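Please look at the sequence and the 3D structure below before reading on. The paragraphs after it go through the chain step by step.

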Amino acid sequence: MLSNRSGLILDEVFKKWKAYYAPRVSEKTMKDNYEFAYKHFEPLWYRRIDTITAPELQACMDNCKAGKRTHQLMKVTAGLIWAYALDMDIVKKDITDNLYIGRHEQTPREPLTPDEIKLVKNEIPNNKYAAYIYCQCYLGYRPGEFLKIKKEQVHTTVIDKETVYYIVEGIKTDAGKNRRVVIPAQVLPYIKERLAVEGTEYLFPQYCYRIHTTEFIGFKKMSTKYYNESAFKPLMKKLGIEN
């Protein structure tokens, strides 16, 4: 049974959600992303949220003539609002899962913002692949390059009496094989942890489990498809980051 909050209009729920979620992101992110996207749902602002339907949300998205990123932000924002409303017993179900952002030209995803990277870091204790994504943000590799890195490519040198860790690239053309990528201090503790993991030559391998169980059976090289579909996208969805 729903609580007596079920009579709240969408705008009231948005303001409650904003107060709850604002400490997790910067003021600029809240204003430029979530508040900006929410404005496109204005026809529904004064409707009771528990009476709004998925087709009505979709109509707002369909009527928005902006580009792909705006439609993505609209879907993410609606998803965050309804997830909050569900947790607070304001609605009975999340109606945002199947919202369609429309057909747009495929464009590369913009890099994660500092606030988004911070959200990823906070998830590391809860998600073993969050550390992978966090490391990729600082190392700057594309997924295919990132997943090919082997432990043997990580070396150290001493500069001004300090030990510096770096990666020697051996996955590009001959001219680029000797290029060194210094490992930033922000991710070095996680790289050291990965180097200490036994049973794999790869720095960022896939964890494998016996089918339909949680029994760990070893590592294998992670494919780009698995990384995108089973690691990156699920975490972005959980964190409310458009991708």
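What follows moves from the whole chain to its helices, its rings and a few single residues.

The model shown here is predicted. Its protein chain has nine helices and five strands. Read from the N terminus, the order of elements is α-α-α-α-α-α-α-β-β-β-α-β-β-α. The protein chain has 243 residues, and 43% of them count as buried. Contacts in the chain can also be sorted by how far apart the partners are in sequence. Among contacts with a separation of 6 or more, 58% are between residues 24 or more positions apart.

A good place to begin is Trp17, which is found in helix H1. Is Trp17 buried or exposed? Its relative accessibility is 1%, and buried means under 20%, so Trp17 counts as buried. Leaving aside residues up to four places away in sequence, Trp17 touches Met30, Tyr34, Leu80, Ile81 and Tyr84. One of these contacts shows how sequence and space can differ: Trp17 and Ile81 are 64 residues apart in sequence, yet their C-alpha atoms are 6.3 Å apart in space.

Another of the residues touched by Trp17 is Tyr34. The model has 20 aromatic pairs. Trp17 and Tyr34 form one that is edge-to-face, with 5.6 Å from centre to centre and 80° between the planes. Trp17 belongs to helix H1 (residues 10–21) and Tyr34 to helix H2 (residues 27–38), so this pair ties together parts that are 17 residues apart in sequence. Both residues of the pair, Trp17 and Tyr34, are buried. A second pair, made by Tyr38 and Trp45, is stacked: the centres are 5.2 Å apart and the planes are 10° apart. Tyr38 and Trp45 are buried as well.

Helix H2 also packs against another helix. Two packed helices are described by the angle between their axes and the distance between the axes. For H2 and helix H4 (residues 68–87), the angle is about 85° and the axes are 8 Å apart. An angle of 65 to 115 degrees counts as roughly perpendicular, so H2 is roughly perpendicular to H4. Which residues of H2 and H4 meet? On the H2 side they are Asn33, Tyr34, Phe36, Ala37 and Tyr38. On the H4 side they are Arg69, Thr70, Leu73, Met74, Val76, Thr77, Leu80 and Ile81. Sorted by class, the contact of H2 with H4 has nine nonpolar, three polar and one charged residues. Tyr34 is thus a member of this contact and of the ring pair with Trp17.

Helix H4 also holds Lys68. The relative accessible area of Lys68 is 19%, and the limit for buried is under 20%, so Lys68 counts as buried. Lys68 and Gly102 are 34 residues apart in sequence, and 7.7 Å separates their C-alpha atoms in space.

Further along the chain is helix H6 (residues 130–139). Eight of the ten residues of H6 are buried, so this helix is largely enclosed by the rest of the structure. The buried ones are Ala130, Ala131, Tyr132, Ile133, Tyr134, Cys135, Gln136 and Leu139. Just after H6 comes Gly140, with a positive phi of about 85°.

Tyr132 of H6 leads back to the rings. Ring pairs link Tyr132 into a cluster with Tyr129, Phe146, Phe204, Tyr207, Tyr209, Phe216, Phe219, Tyr226 and Tyr227. One member of the cluster, Tyr207, also has a charged neighbour: Lys128 lies over the face of its ring, at 5.5 Å from the ring centre. A similar case involves Arg24, whose charged end sits over the ring of Tyr20, 4.2 Å from the centre.

Two loop residues complete the tour. Asp89 lies in the loop between H4 and helix H5 (114–122). Its phi is near 60°, a positive value in a residue other than glycine. With 41% relative accessibility, Asp89 counts as partly exposed. His212 is in the loop between strand E4 (206–209) and strand E5 (216–220). His212 is not a glycine either, and its phi is positive, at about 65°. Its relative accessibility is 79%, and over 50% means exposed, so His212 counts as exposed.

Definitions and conventions: Residues numbered from 1 in each chain as written. Predicted model: local features only at pLDDT ≥ 70, side-chain atom pairs only at ≥ 80, totals over all residues. Heavy atoms only, no water. Phe/Tyr/Trp six-rings, centres within 6.5 Å; stacked < 30°, edge-to-face > 60°. Helix = DSSP H or I, 4+ residues; strand = E, 2+ residues; numbered from the N terminus. Buried < 20%, exposed > 50% of the residue type's maximum accessible area, 1.4 Å probe, protein only. Lys NZ or Arg CZ within 6 Å of the ring centre and 35° of its normal. Axes fitted to C-alpha atoms, helices over the stretch in contact; angles between N-to-C directions. Parallel < 35°, antiparallel > 145°, perpendicular 65-115°, else oblique. Contact = heavy atoms within 4.5 Å. Nonpolar A, V, L, I, M, F, W, Y, C, P; charged D, E, K, R; others polar.
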